Amino acid sequence: MRILLVEDNRDIAASVSEYLEMKGMVCDFAYDGLTGLNQAVLHEYDLYILDVSMPGISGLQLCRTLREDKQDTRPIIFLTARDTLQDKLAGFDSGADDYLVKPFELQELYVRIQAIAKRYQGQNKRMLTLGDLAVNIDTEEVVRDNSVISLTPNNYKMLLLLIKNSPNVVTRQQLEYELWGDASPDSDSLRSHIYKLRQKIDKPFAVQLIHTVQGRGLRMAIV
């Protein structure tokens, strides 16, 4: 499970991420709301943990943006010191699935994550579609025109980033970061991955979905 933790207290962020990673989860974190929103748009997560009071935009604003603007239905847990009934009602009204007040026990947070994730997986089959292309995020199955397409892990990451941001442009830098993080890849590595992805997604079909935007990057769209 991959989790995004948006928390401006670096000690709490470190403590939570270390504990969850010890439990076998992958935990990315951001220290302000705007950075958290950017990461949520660029990457694929299974669950969000948000503080309420943060620089940039608040956790409540971030939650509403994910729910209303991005149509993101994945579970959201608030982790905050705000403990009044009105605070809790505001959190749930913004779209949260759970609300845990600081100070808290890491084990309780972990149990809540497991319970919400299990319930969510039972209720939702997450699909991303573009024309006759469908990507099942839960099973990582890729289908186009009723044909199953086998992709390498890196090609799947690229496809997920492109289709999630469709029809917007994804820059080369964003693609490189998705594949290699902060490491600097060989200059031809990304070009090779793009070629292989196009061979799988576009070449056998009449309609091209992956388009080059000169000097900027790639976009997925039906044009």
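Visitor: What makes Arg144 and Asp132 a salt bridge?
Guide: In this predicted model, the closest N and O atoms of Arg144 and Asp132 are 2.8 Å apart. The cut-off is within 4 Å, so the pair counts as a salt bridge. Arg144 sits in strand S8, while Asp132 is in the loop between strand S6 and strand S7, 12 residues apart.

Visitor: Why is Arg144 called buried?
Guide: Arg144 has a relative accessible area of 1%. Buried means under 20%, so the word fits. Its partner Asp132 has 37%, and a value between 20% and 50% is called partly exposed.

Visitor: How do you know that Lys164 and Glu44 form a salt bridge?
Guide: Their closest N and O atoms are 3.7 Å apart, and that is within the 4 Å cut-off. Lys164 belongs to helix H6 and Glu44 to the loop between helix H2 and strand S3, so the pair ties together parts 120 residues apart in sequence.

Visitor: Is Lys164 buried or partly exposed?
Guide: Lys164 is partly exposed at 23% relative accessibility, because buried requires a value under 20%. Glu44, at 13%, is buried. Salt bridges with shared partners also join Glu44, Asp72, Arg74 and Lys164 into one network.

Visitor: And what makes Glu7 and Lys102 a salt bridge?
Guide: Happily, the same kind of check works: the N to O distance is 2.8 Å, and the cut-off is within 4 Å. Glu7, at 1%, and Lys102, at 17%, are buried, because buried means under 20%.

Visitor: How many salt bridges are found in the whole structure?
Guide: The search finds 13.

Notes:
Residues are numbered from 1 along each chain as its sequence is written. This is a predicted model: local features need pLDDT of at least 70, side-chain atom pairs count only at pLDDT 80 or more; totals for chains, interfaces and linings use all residues. Side-chain values use heavy atoms; hydrogens and water are left out. A salt bridge is a side-chain nitrogen of Lys or Arg within 4 Å of a carboxyl oxygen of Asp or Glu. Buried means under 20% relative accessible area, exposed over 50%, partly exposed in between (1.4 Å probe, protein chains only). Helices (H or I, at least four residues) and strands (E, at least two) are DSSP runs, numbered from the N terminus.
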